[in-house]
Amino acid sequence: MIQFNKPYLTGKETEYIMDAVTSGKISGNGKYTQKCQTFFETNYGFKKSLLTTSCTDALEMAAILIDIQPRDEVIMPSYTFVSTANAFILRGAKIIFADSMPNHPNMDVTKIEALITNKTKAIVPVHYAGVACEMDIIMELAAKYNLYVIEDAAQAIDSYYTGKDGIKKALGSIGHLAAFSFHETKNIISGEGGMLAINDEQFIERAEIIWEKGTNRSAFFRGEVDKYGWVDLGSSFLPSEIIAAFLWAQLENLEGIQTKRKLHWKNYDLRLKEWADKNKIKLPITPSYATNNAHMFYLICDSFEQRIKLINHLKQNEIMAVFHYISLHKSKFYKEKHDGRILKWTDSYTDTLVRLPLFYELNVENVINTLLEF
Ligand SMILES: *Cc1c(COP(=O)(O)O)cnc(C)c1O
């Protein structure tokens, strides 16, 4: 059987975990946490990065940092994971969902301005499948209306955006804040895990405090203050060194992991083109301003019925393919709170998008050959 996902281990994870355990420092913010954070700051240009226990946590930190108050409005796509919205709802915000693009699940940036009111506090673009949203337009709107931009970059590690200035920027380095995930279904993993990237310097000091349960412990251990105490709101957002040690083994191998995933992705793309056309199925597109980090290979079926047939055909051949998000504006939890606008493209991805297996050790030929029989 070919699973949808199989977590890849580089082989060094247990060695580094053992090192963390025997060193006697297993709580957070030790040697491995520092190594990982420095890696991100150096390679992707985040001004500051803080490991968290999940991307969900990083988003919750972001909502606290931008000081979301009850009834503030936050604009985000409806075609996303619940955590994108929950983080802001926990602070009392109202979510204003924007529709996806006709040719990509990412938020349609041309629809955002009409949703901005005097209550709008932030825009949360989600880089679906690791493909950049059109960030120039989002950042221009944010500057014009004085809003914060928090990138949900959960799927977007090692992916880039090239704007009008021609400069290639890592996703997560453009918004004021960004959240990443190292959940076992992502490219780089630590079981559960995440990271907050901070690009607007005004947030760095407070982020460390929120991260450390509302105390200034980080500054204390650096010798910057002579006692530490409760100075702000906060929670326990930092992961243990055991998690960071696992993550470090993955980061050391980031290039190898990415090369392999991209190879699988290209294979799918090349070999399925003709077949897809014939079946009126659409393959993923990568806009000229974006890169592909091979987080996900998805198909957009011609109809809901075709998707059922396709998933069943694969299942009969022992291959697991899965659909993805159910529009958040139609969810049990939020449908009564939604303002009633119809989000046509979001709903179409809910019905027709299917994700194919994509992981390091995948036998991609097997999946392709089975699809070609459909
Ligand atoms: C995976 C994912 C999350 C949640 O990540 P966790 O680390 O599991 O909290 C949030 N948003 C998006 C878009 C995701 O894909």
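1. No salt bridges turn up across the interface of domain 1 and domain 2: the rule finds zero, where a salt bridge is a side-chain nitrogen of Lys or Arg within 4 Å of a carboxyl oxygen of Asp or Glu. Keep in mind that this is a predicted model, with local features needing pLDDT of at least 70, side-chain atom pairs counting only at pLDDT 80 or more, and totals for chains, interfaces and linings using all residues. Side-chain values use heavy atoms, with hydrogens and water left out, and numbering starts from 1 along each chain as its sequence is written.

2. On the split itself: domain 1 covers 13-252 and domain 2 covers 254-372, with bounds from an automatic or database domain assignment. Their C-alpha centres sit 25 Å apart. Domain 1 puts 45 residues into the contact and domain 2 puts in 35 (contact means heavy atoms within 4.5 Å).

3. The two domains bury about 3500 Å² between them, 56% of it on carbon and sulfur atoms; that is accessible area (1.4 Å probe) lost on being put together, summed over both parts. On the domain 1 side, Tyr79, Phe97 and Asn187 lose the most area to domain 2, together 20% of what that side buries.

4. Now a helix pair. Helix α3 (residues 55-65) packs with helix α4 (residues 82-89) at about 35°, axes 8 Å apart. Axes here are lines fitted to C-alpha atoms over the stretch in contact, and angles run from 0 to 180 degrees between N-to-C directions. Helices are DSSP runs (H or I, at least four residues), numbered from the N terminus.

5. Who touches whom? Thr56, Leu59, Glu60 and Ala63 of α3 meet Ser83, Thr84, Ala87 and Phe88 of α4.

Conventions: Helices (H or I, at least four residues) and strands (E, at least two) are DSSP runs, numbered from the N terminus.
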